[in-house]
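Thanks for sharing this one. Here are a few notes to read alongside the structure, starting with the cysteines.

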Amino acid sequence: MPQKVPMRQCSGCRERKPKKELIRVVRDPEGNIALDFKGKKSGRGAYVCPNRECLEKAIRNRALERSLNVKIPKEIYDQLQRQLEDGE
C-alpha cells in the first residue's frame, strides 16, 4: 500500500500541494517567527510556494500574518525573498 503524501495549502495561491514542495513559516510557542525548511520545528506553521508570485500575493493579502495570528517582521519576508532568489 503506497504511503499517503501530506498536503498543505499555499498562503499565496491557495492551491494544495505536497508539503515537501512548500516553504514553511513557523511561529514558535514564544511567538518568534522563523523559516523552517525541514518542516520539523514545533509551533504553528503556514506554507507558501517557492515562487515569487505566491510570496508577493501572500504579503499583499497578509495571509501569513492571519494564519499565524502575529505581525510578521520585514526581515522574515526579506529572508523568504532571498531564499527564492537563491533557488532560481
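1. In this predicted model, the sulfur of Cys54 lies 3.6 Å from the closest cysteine sulfur, that of Cys13, which is too far for a bond. A disulfide would need the two sulfur atoms within 2.5 Å, and the structure holds zero disulfides.

2. What about the surroundings of these two cysteines? Cys54 is buried, with a relative accessible area of 7%. Cys13 is partly exposed, at a relative accessible area of 24%.

3. Cys54 also belongs to helix 1, which spans residues 52–61 and has Leu55 and Ala58 as its other buried residues. These buried residues sit on the same side of helix 1, because they cover an arc of only 100° around the axis. As a reminder, an α-helix has 3.6 residues a turn, so residues three or four places apart point the same way.

4. Which residues are exposed on the other side of helix 1? They are Glu53 and Arg60. Just after the helix comes Arg62, with a positive phi near 55°.

5. Now for the whole chain: the protein chain has three helices and five strands, and from the N terminus on the order is β-β-β-β-β-α-α-α. Its radius of gyration is 13 Å, close to the 12 Å that the globule rule gives for 88 residues, so the chain is as compact as a globular protein of that length.

6. On burial and surface, 31% of the 88 residues are buried. The accessible surface of the protein chain is about 6,100 Å², and carbon and sulfur atoms account for 46% of that surface.

Methods:
Residues numbered from 1 in each chain as written. Predicted model: local features only at pLDDT ≥ 70, side-chain atom pairs only at ≥ 80, totals over all residues. Heavy atoms only, no water. Buried < 20%, exposed > 50% of the residue type's maximum accessible area, 1.4 Å probe, protein only. Helix = DSSP H or I, 4+ residues; strand = E, 2+ residues; numbered from the N terminus. Arc of directions from axis to C-beta. Rg over C-alpha atoms; globule rule 2.2 N^0.38 Å. Areas by Shrake-Rupley, 256 points an atom, 1.4 Å probe, with all protein chains shown as cover.
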